[in-house]
Amino acid sequence: MRVRVTTTALGLVAATALGLYACSTDTGEPKPGAPSSARAGTPADDSTAAKTPLSSAALAARLLSEQDLGSGYTLKPESASAQHDDVTVLGCPALNDLGGDAVTGGSLDFPHRAKAAFVYAGSSTSEVTEELYSDAPGKLSVGTARIFDAMADCVSYQVLVGGTAVDVTTQAVTAPRLGQERWSQLLTFSTGAGDTVVKQTAIREGSLLLVVSGSPALVDRHLDQALTKATAAR
């Protein structure tokens, strides 16, 4: 129960809220905003090729595989029919403004996406998830910055997942100097069963957004590898 609640809460707070924001934005270029406390780097002048969004099939081919990760990793099957609990965010108006109180879960709502999750050494507490998204660079930039900013503004809040209360604390951390823009944070999910710490790092390179989340040590170990494979064919 602890892991499932954590995964659902993370999907709401770090993924779905941004997806709802991406849905609500217009198709124009983003307006300048305040710098993010979790953000490093600034958007670069992307080449024409880098501005072209990739298809979901192309993104799927760029995901890490069990062979890439090495021994001890098992692909975690994704249940397309899984039902998400009702979710409510308490104590974080910034997330609610992005739609964080919606009954939802899963992936960001950018038009092209691919995702893979892995369990290491058979432990449900040692997992790493890679998500790839593609859209116009400006949309990726403003959408990702907006959600990370909102989470940085709310360093402590509560998520109600079904009938379970999950206390969440967030801490912006320095991301490796990869890509054109980068964001990183640590999230601690606390329930009666104990605490779970999840690291989430997002890297934007042109029209591609890489999000790696899970056990902090595994995120640090495979982030560069994931970005190298994701951008190798650009």
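1. How much area does the protein chain expose, and what share of it do carbon and sulfur atoms supply? The exposed area comes to about 10600 Å², with 52% supplied by carbon and sulfur atoms. Please keep in mind that this is a predicted model.

2. Now for the overall make-up. The protein chain holds 7 helices and 10 strands. Of its 234 residues, 46% count as buried. Among contacts in the chain with a separation of 6 or more, 68% link residues that are 24 or more positions apart.

3. Helix α6 is a nice element to look at next. It covers residues 137-153, which makes 17 residues, and spans 24 Å from its first C-alpha to its last, close to the 24 Å expected at 1.5 Å a residue. The helix is mostly covered, with 13 of the 17 residues buried.

4. Strand β8, residues 181-191, deserves a look as well. Buried here means under 20% relative accessible area. Because 9 of the 11 residues of β8 are buried, the strand is largely enclosed by the rest of the structure.

5. On to the pairing partners of β8. Strand β7 (residues 164-172) runs antiparallel to β8, and 6 bridges join the two. Asp 167 has Ser 190 in β8 as its bridge partner.

6. Strand β9 (residues 194-205) also pairs with β8 in the antiparallel sense, over 11 bridges. In this pairing, Arg 182 stands opposite Ile 203 of β9. A hairpin of 2 residues connects β8 to β9. As a reminder when you view these strands, side chains in a regular strand alternate between the two faces of the sheet.

Methods. Residues numbered from 1 in each chain as written. Predicted model: local features only at pLDDT ≥ 70, side-chain atom pairs only at ≥ 80, totals over all residues. Heavy atoms only, no water. Helix = DSSP H or I, 4+ residues; strand = E, 2+ residues; numbered from the N terminus. Expected span 1.5 Å × (residues − 1). Buried < 20%, exposed > 50% of the residue type's maximum accessible area, 1.4 Å probe, protein only. Contact = heavy atoms within 4.5 Å. Areas by Shrake-Rupley, 256 points an atom, 1.4 Å probe, with all protein chains shown as cover. Pairing = 2+ DSSP bridges.
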